[in-house]
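Here is a short tour of a few spots worth a look. Keep the viewer open as you read.

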Amino acid sequence: MAAQPVSRMLRRVLRSSVRSCSSGALVTQPHPGEPSQPAVEPLLSQVPSGRRRFLREHAAPFSAFLTDSFGRRHSYLRISLTEKCNLRCQYCMPEEGVPLTPKADLLTTEELLTLARLFVKEGVDKIRLTGGEPLIRPDVVDIVAQLHQLEGLRTIGITTNGINLARLLPQLQEAGLSTINISLDTLVPAKFEFIVRRKGFHKVMEGIHKAIELGYSPVKVNCVVMRGLNEDELLDFVALTEGLPLDVRFIEYMPFDGNKWNFKKMVSYKEMLDTLRQQWPELEKLPEEESSTAKAFKIPGFRGRVSFITSMSEHFCGTCNRLRITADGNLKVCLFGNSEVSLRDHLRAGASEEELRRIIGAAVGRKKRQHAELFLMCQDSPPAIPSISFRDSLHVQGLRHRVSFSSQMVTSWKGGWLPQIPLLAQRWLASGLPQRHYGSHLDSDANPKCLSPEPRAPATPSGPLPTSDQLTHVDGEGQVAMVDVGGKPDTERVAVASAVVLLGPVAYKLVQENQLKKGDALVVAQLAGVQAAKLTSQLIPLCHHVALSHVQVQLELDSTRHAVVVRASCRARGPTGVEMEALTSAAVAALALYDMCKAVSRDIVLAEIKLVSKTGGQRGDFHRT
């Protein structure tokens with residue numbers, strides 16, 4: 001989809017005429033057939049001059065009810081429109097979803113607008129609509145339109161997963177939507193499906209392109225960074241800002257109920273910044289806006305910018321100006337606090353506006369200086385766990401196709417092109433082929449040999465592997481010990497392992513036709529195998545950490561046994577072998593396949609997990625016959 005040049009859209013916006021609305025505020029009215037003017041970030045200098053003049057003339061002293069005991073003025077209100085969501089992001093909620101509040105206990109549209117009107121009257125000038133997923137609420141456009149009528153409200157934003165954005169954005173813009181935050185944690189379609197447990201990558205991309213087409217600038221893209229899952233894509237995301245007006249915001253992984261948060265999964269702001277500076281030493285820090293949660297940077301010559309939300313490593317509690325209203329009407333003065341006040345109950349009990357102000361003021365007055373101790377413990381960043389970058393080199397192949405998702409997506413974004421789903425599906429799902437055959441590999445460099453579809457020539461066997469009469473992980477006193485490899489020379493190490501998953505006819509047919517409700521089992525198993533190889537030293541206690549230079553995971557259907565054959569290959573240069581990495585990769589890929597299919601059949605057998613070959617060690621090579 002070719003986007004209109006932004007300069008052309010800006011010229012159209014500037015030609016807009018001015019008319020007066022019933023409130024006395026001045027708003028812009030586009031010419032017929034032209035896109036309506038996008039509202040902008042809440043910088044007063046960017047507000048149209050008539051509206052700016054009105055806001056200044058009618059500015060009132062900031063309400064004491066919204067000022068806490070530390071002098072923080074809360075001018076930013078986030079309103080959850082729904083608890084429901086059409087995705088199941090792994091860092092956000094459990095796969096089975098969360099218990100939903102009965103509809104009768106949720107705020108009605110009128111109650112929501114009553115509360116919004118009260119907060120704006122007391123000094124709130126920015127409202128962001130959230131969820132769940134706010135764009136699945138049927139009356140979201142009408143809510144935006146009614147909020148837009150509130151005098152004193154300068155900015156109406158929305159945070160969305162982008163699935164419904166392209167369809168609704170023109171209406172939302174016309175209703176008065178100012179800013180957009182879109183969640184996107186990967187540029188790899190298969191990994192997107194793995195993270196959110198649903199399909200929809202291309203709908204999100206279409207929504208981002210639609211926002212750019214309609215003149216929103218910047219379009220904020222929120223990316224939650226998780227070690228072992230998407231930290232290898234940092235550079236790809238930043239590269240998008242070269243030609244597009246994006247603000248890519250990297251968010252430190254935070255704990256929430258049900259997301260099984262693990263400290264080791266968090267990638268700190270400093271670690272991410274170091275990664276970016278290695279690629280772009282000229283990266284420069286931008287001045288921080290008042291009450292901003294983001295640390296913003298820009299690469300000279302790039303259209304967009306990159307930001308970091310440092311909720312864990314460097315909290316921003318001291319300048320917090322945010323309040324939240326949940327979908328069931330509870331006021332939260334801190335996202336991470338447990339204290340809530342039900343404004344819904346007071347509304348329905350007939351509380352007057354003055355009584356509501358006192359209730360809100362009391363809650364704001366109780367707000368703590370900073371959020372929970374768990375997060376403050378994280379201010380000292382955790383030690384960096386070495387990770388293997390496989391930027392531009394995660395591949396999923398059918399029998400005839402191999403596509404580099406990451407590099408392809410960067411190319412498509414820069415050119416403003418949105419790939420059509422059926423064509424891409426044919427290329428990376430290979431669903432139309434009689435036999436499905438998946439492979440992935442990751443490389444730490446751009447060695448063309450590593451990217452070649454032709455297999456490497458096998459090493460010449462040098463005889464059977466000599467065995468030892470002692471357990472190498474036990475010392476002379478029988479105590480567990482890690483082998484000291486400090487004196488061993490660095491050599492090229494390669495290992496191949498395999499596993500077989502006997503699915504049975506029913507599950508096999510669903511996998512073969514890619515009809516499982518959970519998604520593409522082969523893609524998920526493949527990604528699991530790649531991740532497992534990288535994390536072997538964390539899973540197997542006495543394994544050394546190995547800096548892998550190459551991982552390849554292939555899955556092939558075996559119709560005679562109704563099985564999937566997994567083959568994992570690992571390569572590294574170092575003093576110790578990589579057979580454990582290969583075995584772990586094959587075993588975890590098999591387990592992931594079991595997990596994807598267990599709802600269909602429990603009569604699934606994992607078998608024949610074995611080392612196929614190993615080369616490069618001091619004791620000679622091994623090849624299973």
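At what angle do helix α17 and helix α19 pack, and how far apart are their axes? In this predicted model, the angle is about 150 degrees and the axes are 7 Å apart. Angles over 145 degrees count as roughly antiparallel, so α17 and α19 are roughly antiparallel to each other. Their crossing is right-handed.

The contact residues are worth picking out in the viewer. From α17 they include Ala521, Val524, Ala528 and Ala532, and among those they meet in α19 are Thr584, Val588, Ala592 and Met596. By character, the residues of this contact divide into 13 nonpolar, 3 polar and 1 charged.

Here are the helices and strands treated in this report:

| Element | Residues |
|---|---|
| Helix α17 | residues 521-534 |
| Helix α19 | residues 579-597 |
| Strand β19 | residues 548-558 |
| Strand β20 | residues 563-574 |

Next, the strands. β19 is mostly covered, with 9 of its 11 residues buried. It is joined by 10 bridges to β20, and the two run antiparallel. One pair to look for is glutamine 552 with its bridge partner in β20, serine 569. The hairpin of β19 and β20 has 4 residues between the strands, and histidine 562 takes a positive phi there, near 50 degrees.

Finally, visit lysine 199, in the loop between α6 and α7. Is lysine 199 buried or exposed? Its relative accessibility is 53%, so lysine 199 counts as exposed. Leaving aside neighbours within four places in sequence, lysine 199 is in contact with Leu87, Ile163, Phe192 and Glu193. Leucine 87 is 112 residues away along the chain, yet the C-alpha atoms of lysine 199 and leucine 87 are separated by 8.5 Å.

Definitions and conventions. Residues numbered from 1 in each chain as written. Predicted model: local features only at pLDDT ≥ 70, side-chain atom pairs only at ≥ 80, totals over all residues. Heavy atoms only, no water. Axes fitted to C-alpha atoms, helices over the stretch in contact; angles between N-to-C directions. Parallel < 35°, antiparallel > 145°, perpendicular 65-115°, else oblique. Left-handed = near helix turned anticlockwise from the far one by under 90°. Contact = heavy atoms within 4.5 Å. Nonpolar A, V, L, I, M, F, W, Y, C, P; charged D, E, K, R; others polar. Buried < 20%, exposed > 50% of the residue type's maximum accessible area, 1.4 Å probe, protein only. Pairing = 2+ DSSP bridges.
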